Amino acid sequence: TNCRIDTNWYGAFYDENGNFISTFQNSQAGSYAEWKFVTPANCYNIKLSHYGESIDGLYYGAKEAYTECKKSFEYLQDKIKDKEIINKSIVCLGDSLIMGSGSDVMRYANVVLDKYDELGIDTTNLRNEYKGGNISLPYALSQILPTYNIENLGVGGENINAIAARMGANPPILTSDITLPSNSIDKISFSINSCWNESINFTGQAGNKAYNPCYIQGIECEFTIEDGSYYIRRIKEAEKESKIPSGTQLIMRGAKFRNPKAAIIWAYQNGGYSSPEDLVDKMRKIVDNIGTSNYIIIGLHTSSTEERKQNTDALQKQFGDRFFDWGRYVSSNALYDFGITPTKDSDFTETQIEKGVKSDEYQMSIGALPSTLWRFVAEINSTTNDSTHLNAAGYMILAYKIYERLLILNSFVE
């Protein structure tokens with residue numbers, strides 16, 4: 001506090017259900033005295049009081065102290081609740097596959113929704129989205145697990161190095177000195193490298209919220225991308241400008257999500273690694289940084305089983321059942337499990353075949369994503385194909401399989 005306090009200040013800790021845990025009391029008196037205490041692990045709320053209760057009965061200066069202490073405790077309560085939110089979060093991090101490119105394409109979504117009904121999942125919100133919204137993997141997961149906070153930390157076009165940078169496993173570092181203005185209006189441009197000594201390309205495809213707020217030398221800032229250049233400005237005005245040296249780390253929003261209840265990682269479609277060993281090493285650093293043992297790494301469905309084999313085998317060996325070989329499942333059982341009959345070559349026109357449309361049967365024979373789950377299919381909903389991104393039906397199928405895997409591995413999901 002900035003004023004005199006006394007030993008008549010006391011407080012109590014309460015758990016999430018409002019049950020009393022213990023009390024604590026200030027042991028020092030005097031101007032600028034520090035009140036130190038340790039919150040219990042299960043603390044969710046703190047109540048503060050002063051002997052006599054009535055603020056009007058406090059001695060000179062104590063009203064100011066009461067106000068200052070209240071502000072401090074409100075801030076602390078926010079931090080406790082923020083921690084609780086993170087502990088109830090399932091963090092989904094990656095590129096456009098997590099972000100949800102294609103999640104507005106509803107071909108076959110009604111078939112998967114009917115299967116969800118059979119599985120006992122409440123599809124009310126999903127069916128509302130079916131009428132004109134988006135069903136990404138994180139959104140579908142949020143409907144299967146409504147008591148959890150599902151965080152979509154996907155940004156299209158980013159490779160594993162940029163994803164790791166946003167999450168704090170590979171923090172960006174300044175490549176030159178900068179001077180941050182004291183006001184909260186002026187932004188300055190800057191350049192970065194990464195702690196892994198590799199270039200980072202942030203795309204901004206999910207908007208600035210994917211990066212903000214960010215922090216540099218403890219200063220809360222806003223990071224923006226304009227015409228391929230990076231800018232930063234402070235959020236709150238300061239008394240003077242801040243000199244920040246080269247080599248200083250920039251901590252982004254994703255780094256806040258440490259120790260979540262679970263993490264879903266789909267992060268290597270866009271490259272950024274030189275070999276299967278390099279991929280495993282970077283994935284391990286991401287996992288270690290997140291800080292939860294409850295994680296699932298999703299394999300790819302692009303190209304073919306043979307072309308993916310080296311990376312798939314390396315990830316499977318390192319992470320075991322924490323690696324979900326989505327490419328294998330989606331090219332074998334997925335359509336059958338969710339009541340969809342695979343298409344044949346005869347189901348497509350010559351024009352579609354000339355434009356590269358492949359039947360489900362062909363795609364499944366090489367271990368690739370069936371065209372029924374493609375985002376775009378030529379002459380059906382586009383002039384071209386997009387066999388990288390899923391449609392809503394594909395994301396819903398994957399979400400249910402992730403839910404199943406979490407149940408099998410952790411048994412923490414109600």
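This passage describes two groups of paired strands in a predicted model. Residues are numbered from 1 along each chain as its sequence is written, and side-chain values use heavy atoms, with hydrogens and water left out. In this predicted model, local features need pLDDT of at least 70 and side-chain atom pairs count only at pLDDT 80 or more, whereas totals for chains, interfaces and linings use all residues.

Strand S4, which spans residues 89–94 (strands being DSSP runs of E with at least two residues, numbered from the N terminus), is mostly covered, with six of its six residues buried (buried meaning under 20% relative accessible area with a 1.4 Å probe, protein chains only). Both faces of S4 are covered, since Ser89, Val91 and Leu93 are buried on one side, and Ile90, Cys92 and Gly94 are buried on the other. S4 pairs in the parallel sense with strand S5 (residues 149–154) over six bridges (two strands pair if DSSP finds at least two bridges between them), and within this pairing Ile90 stands opposite Ile150 of S5. A parallel pairing over five bridges also joins S4 to strand S15 (residues 262–266), where Trp266 is the bridge partner of Gly94.

An open sheet is formed by five strands in the order S8-S12-S11-S10-S14, with antiparallel pairing. Its edge strands are S8 (188–190) and S14 (250–251), each of which pairs on one side only. Strand S10 (residues 214–216) runs antiparallel to S14 and is joined to S14 by two bridges, and Ile216 stands opposite Leu250 in S14.

Definitions and conventions:
Helices (H or I, at least four residues) and strands (E, at least two) are DSSP runs, numbered from the N terminus. Buried means under 20% relative accessible area, exposed over 50%, partly exposed in between (1.4 Å probe, protein chains only).
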